[in-house]
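Visitor: I would like to learn how to read empty space and surface patches in a protein model. Could you take me through a case?

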Amino acid sequence: MTWRYIAARALTGEILDWDLPLNRDELTWGLSRSGSLRGTIKPDVGQLRAGDGRLLLEEWGTMLYAEADQQIRWAGIVVSSGFEGAQWRIEAAGVSAYPHGIPYLGEWRPVTVDPAAAIRHVWDHLQTFANGDLGVQVVGDTPVRIGTTQEPYQLSWWDATDCGREIEQLAREAPLEWVEEAAWSSPGSTAVTHTLRLGYPRLGRRRSDLAFVQGDNVTGVVPVLRSGDDYANEVVGLGAGEGRKMVFSRLPVIDGRLRRVAVRSDKSVTAASRMDALCRDDLTARQGLPEIAEIEVDDHPNAVLGSWAPGDDILVQATVPWLGDVSIWSRVIGWSLTGEHRARVALMRSDRFVYGGSA
């Protein structure tokens, strides 16, 4: 796969350089987090001027696209640059990094609103400003509703709510996941579409067609021995309401170990079924099961580089020193292209993601 890196003006989309001489260090995609691109370029390129007289590479002014096989695989905004010895080092972050640090300056008080619609509203608000329109489209809905007539969901300019943090909070409450996507708007076009794709309660799918196997395509494994500090075999959930009217859930499991209890408190939960689902998730995550947190993989027929996506579940077969041979279904929560034929994949056990219930 042949890659090229394209520089464009962030606000206008004007292409500034069709083949930026970038020596890539790492290109990263994430699940419910911004991707990143790090690399170096020739020092003189960093000082070049574009046709509009401004620097070719500007923090928060230049967009970078990573293209392979005439498809945009990644898009992000230059957020930092500077010399490191004789090298000009640059770093770009995916478009989902943009809302962080920007206050909400409107007024909005909806009742029974979808958290996905609230995320769309925050992005729409950001992009009403002339110098804030990245053309990001937020796609996806959930059956969850937040805000009541007694306690509407509220965003107000006098609270100066951080837009990025609010989007993250809404995603946690739903719960929903999201990924960044970018593509040429049409064949032969120089315009790029940016999409924030939401998935409820999750994105990705079980990939029986792919496998990560040590000795075949897996070259390095980072195992995790989970700490007893986080262990619990009972979870108590406390939701909306006060006193005896509070939404309450208790999920114990008898597993031959001493009783350890974790408390989950979330006033946004108004239904017992929803609290049960959240407590099940928490209970599963606290069982202290062995986990493979990260692997290094080579391009291989088992799983061609980039054939997976953040959120996919893939069977990992490896040898862990203190456990021996293990086979663990794991979710891809992020991955980085670290070489032309090698990637680093961040994983979490699939059974730590137990979804269910309704709001």
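Guide: We will go through pockets, a cavity and a surface patch in turn. Keep in mind that this is a predicted model.

Visitor: How is empty space found, and what is the volume of the largest pocket?

Guide: Rolling a probe the size of a water molecule over the atoms shows where empty space is left. Here the largest pocket has a volume of about 950 Å³.

Visitor: How many residues line the largest pocket, and which lie nearest its centre?

Guide: The lining has 35 residues. Nearest the centre are Ala-171, Arg-172, Pro-175, Leu-176 and Arg-264. Three elements give two or more residues to this lining: helix H3 (163-173), strand S11 (177-184) and helix H4 (272-285).

Visitor: What is the make-up of that lining by class?

Guide: Count 19 nonpolar residues, twelve charged and four polar for the largest pocket.

Visitor: What is the volume of the second largest pocket?

Guide: About 720 Å³. This second largest pocket is lined by 34 residues, and Trp-29, Arg-73, Gly-306, Trp-308 and Trp-335 are the closest to its centre. The elements giving two or more residues to its lining are strand S3 (22-30), strand S6 (71-84), S11, strand S12 (192-199) and strand S20 (324-339).

Visitor: Which element gives the largest share of the lining of the second largest pocket?

Guide: S11 does, with five residues. By class, the lining of the second largest pocket holds 18 nonpolar, eight polar and eight charged residues.

Visitor: Now closed space. How many cavities of 30 Å³ or more does a search of the whole structure find?

Guide: A cavity is space where the probe fits but cannot get out. The search finds one of 30 Å³ or more. The largest cavity has a volume of about 60 Å³.

Visitor: Which residues line the largest cavity?

Guide: Ser-96, Pro-99, His-100, Trp-123, Gly-164, Ile-167, Glu-168, Trp-178 and Leu-196. H3 gives the most to this lining, with three residues. The classes are five nonpolar, three polar and one charged.

Visitor: Last, the surface. Which residues form a nonpolar patch there?

Guide: Leu-105, Phe-129, Trp-157 and Trp-158 form that patch. Together they have about 450 Å² of accessible area. Leu-105 sits in the loop between strand S7 (87-94) and strand S8 (107-108).

Visitor: Why does Leu-105 count as partly exposed?

Guide: Because its relative accessibility is 48%. Buried means under 20%, exposed means over 50%, and partly exposed is in between.

Technical notes. Residues numbered from 1 in each chain as written. Predicted model: local features only at pLDDT ≥ 70, side-chain atom pairs only at ≥ 80, totals over all residues. Heavy atoms only, no water. Patch = residues over 30% accessible without salt bridge, like charges linked within 9 Å, V, L, I, M, F, W, Y side chains within 5 Å. Areas by Shrake-Rupley, 256 points an atom, 1.4 Å probe, with all protein chains shown as cover. Salt bridge = Lys/Arg side-chain N within 4 Å of Asp/Glu carboxyl O. Helix = DSSP H or I, 4+ residues; strand = E, 2+ residues; numbered from the N terminus. Buried < 20%, exposed > 50% of the residue type's maximum accessible area, 1.4 Å probe, protein only. 1 Å grid on protein atoms, 1.4 Å probe; cavity = no way out; pocket = protein on both sides within 12 Å on 5 of 7 lines; lining within 4 Å. Points joined across faces, edges and corners; volume = space filled by probe spheres on them. Nonpolar A, V, L, I, M, F, W, Y, C, P; charged D, E, K, R; others polar.
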